[in-house]
Amino acid sequence: MRSLFPVTEETAAQSGAVAAEAGEAAGSGTAPGPVSAPRPADDREWSLDELADRYAYPAGPGPWLRANMVSTLDGAAQHDGRSQPISCPADMRIFGTLRGLADAVLVGAETVRLEGYRPARAREAFAARRAAAGQGPAPAIAVVSGSLDLDFSLPLFTDPVVPTLVVTGSQAPADRVRQAEKAGARIVRAGEGRRVDPAAAVRALADLGLTRLLSEGGPRLLGQLIAAGVLDELCLTVSPMLAAGDAQRVASGPSVRVPERLGLASLLEEDGFLFCRYRRS
């Protein structure tokens, strides 16, 4: 990854000064130039270690839930039902880094079906870091599903590095629960009836010692996490593409009463792709 623009008090002040100059220029009839943070001295690809340091989870005992999503300029989170066509190699490097730091990856059942999810793999690049943090060799995939309408013969359930978790309600279909457990999955109850309660899911995972949480969508799950007030951070890749059509946004479902504003923590750029990281203030 090249051209890292970390957002600090210094860069924020510098960017503000640039914006002010642009405003003055506009007021004088001169067209303002683009506003951006200062470029780094060495325009080079960052190592996975450097990215891991930049995206490290905040210290503290409580759970921290971040989401990682990609969106086109016109708001599409997918193309033909998948996110890969609007992604890029740098986006996948960050994707791998975020997985390398997480205890568990939350994903909705529909995304598992559409994206052909496989188990997270153990990566040598993060082995020492994970061992020092007391983490297993790879994050657990936690599939959120009330109906358990899943194919339990997939490698995600039968051949993971660490057992896949299935987060469901207290009254999930008993036959489906048995099939999940027979395949090797671990059932996590979070919510009354068949419905999964997002806040209860976060608490249940934290009770298992899984406090560094990452959601990879899809849009419906992310919308539920936002509405429940449990999302702490959003890592959003803005793809320089236009998709049109009727693709979903990065979040859908129930709306919040008052839109919540997050603070920009860092901004990266490569080949026109923007890698934004926003945190709860």
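What volume does the second largest pocket have? About 590 Å³. The model is a predicted one.

**The second largest pocket**

This pocket has 22 lining residues. Ile226, Leu234, Ala251, Val256 and Glu260 lie nearest its centre. Three elements, α9 (219–227), β8 (233–239) and β10 (273–280), give two or more residues each to the lining of the second largest pocket. The most come from α9, with three residues.

**The largest pocket**

The largest pocket has a volume of about 760 Å³. Its lining is made of 34 residues. Nearest the centre are Met92, Phe95, Arg99, Tyr117 and Glu216. At least two lining residues come from each of β2 (64–72), α3 (89–101), α4 (109–115) and α5 (124–132). Helix α3 supplies the largest share, six residues.

Here are the lining residues of each pocket by class.

| Pocket | Nonpolar | Polar | Charged |
|---|---|---|---|
| Largest pocket | 14 residues | 11 residues | nine residues |
| Second largest pocket | 12 residues | seven residues | three residues |

**Cysteines**

A disulfide is a covalent bond between the sulfur atoms of two cysteines. How many disulfides does the structure hold? Zero. Take Cys235, which is in no disulfide. The nearest cysteine sulfur belongs to Cys276 and is 9.7 Å away. A disulfide needs the two sulfur atoms within 2.5 Å, so Cys235 and Cys276 do not form one.

Is Cys235 buried or exposed? Cys235 is buried, because its relative accessible area is 3%. Cys88 also counts as buried, at 12% relative accessibility. The cut-off for buried is under 20%.

Terms used: Residues numbered from 1 in each chain as written. Predicted model: local features only at pLDDT ≥ 70, side-chain atom pairs only at ≥ 80, totals over all residues. Heavy atoms only, no water. Buried < 20%, exposed > 50% of the residue type's maximum accessible area, 1.4 Å probe, protein only. 1 Å grid on protein atoms, 1.4 Å probe; cavity = no way out; pocket = protein on both sides within 12 Å on 5 of 7 lines; lining within 4 Å. Points joined across faces, edges and corners; volume = space filled by probe spheres on them. Helix = DSSP H or I, 4+ residues; strand = E, 2+ residues; numbered from the N terminus. Nonpolar A, V, L, I, M, F, W, Y, C, P; charged D, E, K, R; others polar.
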